[in-house]
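Take a look at the two chains below and keep the view open while you read. We'll go from one helix to the wider picture.

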Amino acid sequence: MYAIEAQGIVKQFDGFRAVDGVDLKVPVGSIYGILGPNGAGKTTMLRTLLGIIDPDAGVRTLLGSDRPITQSRNVGYLPEERGLYQSMRAVDTIAFMGALRGLSLKEGKEKGRALLEEAGLGYAADRQIRQLSKGMAQTVQLMGTIVHDPKLIVLDEPFSGLDALNQAKLEKMIRAQAARGVTVIFSTHVIAHAERLCERIAIIAKGKISFDGLVSEARDRLRPQVHLETETLDGIWRKALPADTRAEGHWWHFTLPETGVEPLLTALVEGKAGIKSLSIERPGLHDAFVAIAGESVAAEMDEPIAGETL
Amino acid sequence: MKEILRAAFVIARRDFSAIIYSKAFIFFLLGPFFPVLVGIAAGSLGGQIAREAAQPVVGLAMARADSQKLIDMREKLAVNMGESYFTQMKIVGDATSDGGKNPQDYLNKKEDNLSVVLTGTLARPIVTGTKRSVDRESASIELLTAHALNPGAVTLSDAKADFVAETANNDKQLRTVTAQGGQVLVFFLTMLLAGMVLSNLVEEKSNKIIEILAASIPMESVFLGKLFAMLGMALLGILVWTTVGGIGLQVTQGLPNFPTPAVGWPIFITLCFTYFIMAYLMLGALFLGIGAMAATVREVQTISMPVTMAQLINFFFASYALTKTGQPVEQFAAIFPFSSPFAMIGRAALEPTLWHHGVAIVGQLFFAILLLRLGVWLFKRNVMKSGNAGRIKGDGKRKLFGLIAVGG
């Protein structure tokens, strides 16, 4: 069962293909990250999936419907470009966003106050948005995104503009929603967030998806790295080291051979290498990203934008 | 449809509240009273200037006895015919003593401000002045000299006034005045109020909330909600203005007396109100669509002038058609959506038939919906893109109203 399914989605503007044949499947109840550098097509893809803009080609279903707007009441969306009515009170803003999604104003206000209290912002409920700090305003918008208890939450670059404390709060909120069975899909250009939160990810660059699957599957695309320190520098045991081995004095760095760690250990011991230390490092998502998307795309990632901390 | 209307109501409620609770709304309500105040002040000042300015005078240079007879007769007839009917008279010379004095000499004296000079006798008066002045004064001078020669020969009776609402003479020609009045009123209200819709989506675009709206509800609801909110505000304004205006007219008893329209006053007023709403919805939907594609307030200001001009042309066309009842141009004005409300107000004043108003209203409503959907389509096509609205990826150029490429 998928919360979002997309096949062959194409969206172009003035001849530029912002999204180029995207296939995507987001399982219900998962935390799904869309990774890609700025300008990769993440926002356009999310807008297309949500029905804000229509694709030029391809099909997509959102919570089983090919007309995403009909599922509005079950969806919460936090756009990349945050926006609120400046003269509206915080609690009214949350209620208004809930009302857009079918919640009554009365219920929206009650739930809005409760959410603000929970976030430690109860004192600011009756303040106008213009009187709030940027972080507080973003929290209010986030509350407005979830006030109607959606089944699917779509967050476009939710961490940008937040300080470390608020990023941690947001991660907690995402986990809490997922624990309730809510599907959360978010885009980010910061790999660390995806690595900490997501079960599944999609990697997008230049409008194309180059990977869609479990985080572990992405990591498994790379063999673990072995870091070996020996007493001797030469011997029969050297034949057990793979061709990509990089030597640094008594240190040897190489990819774990397909045959596994046991044959390697046997060869080292029998060859009297004199093992001083040996560690096997599983590759991180960043390494997997580099391997999948390429060095140049990876170089554009993880660059903090204004006001953002990693 | 139900969901579109529900969501439109959410938008309308937000916008309406935001407008009427803003401090600027009081200025909106007071706005129409400023020209009225300026008009009253200017009128009062003009009246004072007119009163203080030297009034033209008929100079009398006949024999003093004849001149006095004329002045007495003027006073007598003015009682019945009105003071304003006769120009003031003043004895400026005496023919018996000033003999052959040239009348031009009297006219040259600036302090007397004479329009004409009357010489000769009552039986053979000579009026000297410019042609225009002589033409204006001759008839009343002849009337006065005739009565002065034979006082008591004609007695003016004092007719008793008995006013009625309508006569057989209250025909199509007279009703045209009512038609024009209705057209002007609806046109000015539409021009004043519908133009405000132009900048209506700029707030949402500048504060980025447009994306939340677009993701949550159909764009038709956003447009419709904004249109309804502005219509609500316009109707509230009209209610306040007509109430204050009505009280003012009651106090001053200055209610203008327009000829009764062909469909009768209650239906005419109802139709004017309905056609105002229709004109507002059509122009509002058009302006909303145009304004929605403008990326900045500056762009909205740029298009305000041509939009106002287009409205004026539309109004003049409808006014022109009013004088061509039944002719193709009038029929076209009644069918062409933008001029239809104004042309149909003209018809309501001139013709008693009602069914074609029903057809026109349905047609106008349909066209308003069509314009709204077109605006939504253009908005989604040209504005809702990734990154900055209307910006072409790659070359950094921007599209004016999402359509015309402008410099980077």
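Right after α2(A) comes A:Gly102, whose phi is positive, near 100 degrees. Helices and strands here are DSSP runs numbered from the N terminus, with H or I over at least four residues for a helix and E over at least two for a strand. Before going on, you should know that this is a predicted model, in which local features need pLDDT of at least 70, side-chain atom pairs count only at pLDDT 80 or more, and totals for chains, interfaces and linings use all residues. Residues are numbered from 1 along each chain as its sequence is written, while chains are lettered from A and ligands numbered from 1 in the order in which they are written.

Back to helix α2 of chain A, residues 90-100: is this helix mostly covered or left open? Mostly covered, as 11 of its 11 residues are buried. Buried means that 20 or more other C-beta atoms lie within 10 Å of a residue's own; 12 or fewer makes a residue exposed, anything in between partly exposed, and the C-beta atoms are placed from the backbone. The buried residues include A:Asp92 and A:Thr93 as well as A:Ile94, A:Phe96 and A:Leu100. What does the covering? The cover includes α3 (105-118) and α4 (134-146) from chain A, plus α1 and α10 from chain B.

That brings us to where the chains meet. In total, 22 residues of chain B are in contact with 26 residues of chain A; contact means that the C-beta atoms, placed from the backbone, lie within 7 Å. On chain B's side, the elements giving two or more residues are α1 (2-20) and α10 (210-216). α10(B) gives the most, with six residues. Sorted by class, this side of chain B has 12 nonpolar, four polar and six charged residues. For that sorting, Ala, Val, Leu, Ile, Met, Phe, Trp, Tyr, Cys and Pro count as nonpolar, Asp, Glu, Lys and Arg as charged, and the others, Gly among them, as polar.

Here are some overall values for each chain.

| Chain | Residues buried | Helices and strands |
|---|---|---|
| A | 43% of 310 residues | 10 helices, 13 strands |
| B | 35% of 408 residues | 16 helices, six strands |

Along its principal axes, the C-alpha trace of chain A spans about 80 × 45 × 35 Å. Among chain A contacts between residues at least 6 apart in sequence, 71% join residues at least 24 apart. In chain B, residues 24 or more positions apart account for 74% of the contacts with a separation of 6 or more.

Now for the inside. The largest nonpolar core has 150 residues, and those with the most contacts inside it are B:Leu227, B:Tyr280, B:Met282 and B:Ile345. A nonpolar core is a set of buried Ala, Val, Leu, Ile, Met, Phe, Trp, Tyr and Cys residues joined through C-beta atoms within 7 Å. Helix α12 of chain B, residues 265-293, supplies the largest share of this core, 18 residues. Apart from this core lies another one of 18 residues, with B:Leu70 and B:Val92 among them.

α12(B) also pairs up with helix α15 (residues 340-350) of chain B: their axes come within 9 Å and cross at roughly 175 degrees. The axes are lines fitted to C-alpha atoms over the stretch in contact, and angles run from 0 to 180 degrees between N-to-C directions. The two helices are therefore roughly antiparallel to each other, a label for angles over 145 degrees. Where they meet, B:Phe268 and B:Tyr275 are among the residues from α12(B), and B:Met344 and B:Ile345 among those from α15(B). This contact has 11 nonpolar, no polar and no charged residues.

Finally, two spots in chain A have an unusual backbone to look up. A:Asp149 has a phi near 50 degrees, a positive value in a residue other than glycine, and sits in the loop between α4 and β6 (152-156). A:Asp149 is partly exposed, with 15 other C-beta atoms within 10 Å. A:Lys206 is not a glycine either, yet has a positive phi of about 50 degrees; look for A:Lys206 in the loop between β8 (200-205) and β9 (208-214).

Key:
Contact = placed C-beta atoms within 7 Å. Parallel < 35°, antiparallel > 145°, perpendicular 65-115°, else oblique.
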